[in-house]
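Hi,

Here is the structure I promised to pass on. Have a look at it first, and then read my notes underneath.

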Amino acid sequence: MLEREIIGVSASGRRRENMNRIRIPIYFDYASTLCYIAWRIVAELEDELGFEALWKGVPIATRDFRFKPGRVLGERERQKVLLVAAETGIAVAPPPSWLDSMPALEGSEIARDAGVFAAYHDAVFRAAFEQGADIAERAVLDAIAQCAGIDRSQFRAALDSGAMSARIAGHKREADEFSALGFPTFILGDFPMIGIQPIESMRLLLGRFIRQRAGEPQA
């Protein structure tokens, strides 16, 4: 498979960050099919509602041993995902077993520092849930990083160094402080909104929060 087929992203499709937008932190994991669904919905609403999604990776396996990479999804877990997919209209089938997302999550922080988080983030979700690629494989991540605009060898060296593990651990501590115990979790002010709903509901919920936040007096 060609790299461009794995990545499915081009420079012209990258979203631009707008520092004037209200930021909404979202705790997520690339191993979660529900987070993929959330990513699809957020991608549609971000420009429409004028906010910036601040994605912060937290490995789901650190919260529950049942989500250990390689463990086969139970039928109940699979049916839950399929139900949410049907409710949201986002066609996706969960992988047969839980993914090892830690390398991809650490890679996302390397991409953030390089100023290409959005391109990398989008490509990882596409690779995992649209192309069926193993995002734990370094060659897959190297290709994603290169397509996003990061030097392949520099990305591999940074990933191998484990330099971003502390940042991922920091995200988990933050999530714990917000009681963001599910995936995904949107932080609306001090309120954690866990899970994902159909786009119409998300449009109303996020729109209401953005209007309220925009109307608050500036410090």
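Below is what turned up, starting with the aromatic rings and ending with the cysteines.

One thing to keep in mind: this is a predicted model.

There are ten aromatic pairs in the structure. Take F28 and F125: their ring centres are 6.1 Å apart with 50° between the planes, which makes the pair tilted. That pair links distant parts of the chain, as F28 belongs to strand β1 (residues 22–28) and F125 to helix α5 (residues 117–129), 97 residues apart. F28 has a relative accessibility of 0%, so it counts as buried. F125 is also at 0% and counts as buried.

F125 has another partner, W39. Here the ring centres are 5.3 Å apart and the planes meet at 25°, so this pair is stacked. W39 sits in helix α2 (residues 33–49) and F125 in helix α5, so the contact ties together parts 86 residues apart in sequence. Both W39 and F125 are buried.

If you want to see the wider picture, colour F28, Y30, Y36, W39, W55, F125 and F129: ring pairs link them into a cluster.

There is also a charge over a ring: the charged end of R112 sits over F117, 4.3 Å from the ring centre.

And the cysteines? How many disulfides does the model have? The count is zero, going by sulfur atoms within 2.5 Å of each other. As for their surroundings, C35 is buried, with a relative accessible area of 0%, while C147 is partly exposed at 28% relative accessibility.

Cheers

Notes. Residues numbered from 1 in each chain as written. Predicted model: local features only at pLDDT ≥ 70, side-chain atom pairs only at ≥ 80, totals over all residues. Heavy atoms only, no water. Buried < 20%, exposed > 50% of the residue type's maximum accessible area, 1.4 Å probe, protein only. Phe/Tyr/Trp six-rings, centres within 6.5 Å; stacked < 30°, edge-to-face > 60°. Helix = DSSP H or I, 4+ residues; strand = E, 2+ residues; numbered from the N terminus. Lys NZ or Arg CZ within 6 Å of the ring centre and 35° of its normal.
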